[in-house]
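Reader: I'd like to learn how to read a ligand site in a model like this. Could you walk me through it?

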Amino acid sequence: MSLRRDLHAAARDAGVSDPRLLEAIQRTPRREFVPPEYAEDADIDEPVPIPHQQVTSQPSLSARMIDALELRGDGQVLEVGTGYGYQTALLARLAKQVVSIERFGSLAEAARANLARHGTANVQVVTGDGTQGWPAAAPYDAILVSAAFPVVPPPLVEQLVEGGRLVQPIGSGGAEEVILFGRTADGLQRLRKVSPARFVRLTGRHGFAD
Ligand SMILES: C[S@@+](CC[C@H](N)C(=O)[O-])C[C@H]1O[C@@H](n2cnc3c(N)ncnc32)[C@H](O)[C@@H]1O
């Protein structure tokens, strides 16, 4: 059986209908954001391994998480967990500015190189602990966390504007639910479940211990 090589169709089949996001997927070749040995299969809707025992997100799931944020193109966005930068590149097409935090310096370096080669300019990739957010560029209109933890790290709530949206896999890593939250004056309000998922663990001061 041959696997379908069409990420645009995979996102549509997963329920994504926002034309701006679908166009972003069409204009962002994933082969530029995976290790070279996986480039040939980059258009298959599957995660691929990256160094440090991590894996990239499944593209259609990334698309659903981005879709849930309802970005309008003018926002300040924080991404926690850059990986090789594919999701970052999609976010950059739908935001004014993106800050993306990756805990492993070599992954952040690879993502920076991939994004630069692709011509993405409105992104700052930083190495650090994303559970602490990135106060220097806060507040954020939207936050996407692409690693799993049972609760949303409090610094991320503090750095999200009132009315802003946050999406995170809630669970212990391996079998969790991606949840969309909205920021109110009182804190976070759960809006809806986006998808079941299997993510790597969120590791850091407000996440799992190393
Ligand atoms: C699912 S992977 C990468 C997803 C990526 N956004 C993509 O498009 O494929 C999750 C990433 O989160 C990173 N990570 C885990 N805990 C982190 C933390 N506290 N701060 C920053 N990055 C973290 C991992 O190193 C890993 O690269």
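Reader: Which residues come nearest to the ligand?

Author: Happy to help, and keep in mind that this is a predicted model. A good start is the shell of residues around the ligand. Here that shell has 23 residues, and Ser57, Gly81, Glu102, Gly130 and Thr203 come nearest.

Reader: How many of the shell residues are nonpolar, polar and charged?

Author: Sorting by class gives 6 nonpolar, 12 polar and 5 charged residues around the ligand. Among the elements that supply at least two shell residues each are strand S2 (54-55) and strand S4 (97-102).

Reader: How do I read the polar contacts, say the one at Glu102?

Author: Look for pairs of N or O atoms within 3.5 Å. In the side chain of Glu102, an N or O atom is 2.6 Å from an oxygen atom of the ligand. The backbone takes part too: an N or O atom of the Gly81 backbone lies 2.8 Å from a ligand nitrogen, and a polar backbone atom of Arg103 is 3.2 Å from a nitrogen atom of the ligand.

Reader: How much of the ligand does the protein cover?

Author: On its own the ligand has 600 Å² of accessible area, and the protein covers 99% of that. The space the ligand takes is the largest pocket.

Reader: Now a single residue: is Leu166 buried or exposed?

Author: Compare its relative accessible area with the cut-off: Leu166 counts as buried because its value is 0%, and buried means under 20%. Leu166 belongs to strand S7 (residues 160-170). Sequence distance and spatial distance are separate readings: Leu166 and Met65 are 101 residues apart in sequence, with their C-alpha atoms 9.4 Å apart in space.

Definitions and conventions
Residues are numbered from 1 along each chain as its sequence is written. This is a predicted model: local features need pLDDT of at least 70, side-chain atom pairs count only at pLDDT 80 or more; totals for chains, interfaces and linings use all residues. Side-chain values use heavy atoms; hydrogens and water are left out. A residue is near a molecule or strand if one of its heavy atoms lies within 4 Å of it. A polar contact is a pair of N or O atoms within 3.5 Å; within protein, one must be able to donate a hydrogen and the other to accept it, and residues adjacent in sequence count only if both atoms are side-chain atoms. Accessible areas come from the Shrake-Rupley method with a 1.4 Å probe; for residues, only the protein chains shown count as cover. On a 1 Å grid over the protein atoms alone, a cavity is a set of points where a 1.4 Å probe fits but cannot get out, and a pocket is an open set with protein on both sides within 12 Å along at least five of seven lines; lining residues have an atom within 4 Å of a point. A molecule sits in a cavity or pocket if more than half of its atoms lie within 2 Å of its grid points. Helices (H or I, at least four residues) and strands (E, at least two) are DSSP runs, numbered from the N terminus. Ala, Val, Leu, Ile, Met, Phe, Trp, Tyr, Cys and Pro count as nonpolar, Asp, Glu, Lys and Arg as charged, and the others, Gly among them, as polar. Buried means under 20% relative accessible area, exposed over 50%, partly exposed in between (1.4 Å probe, protein chains only).
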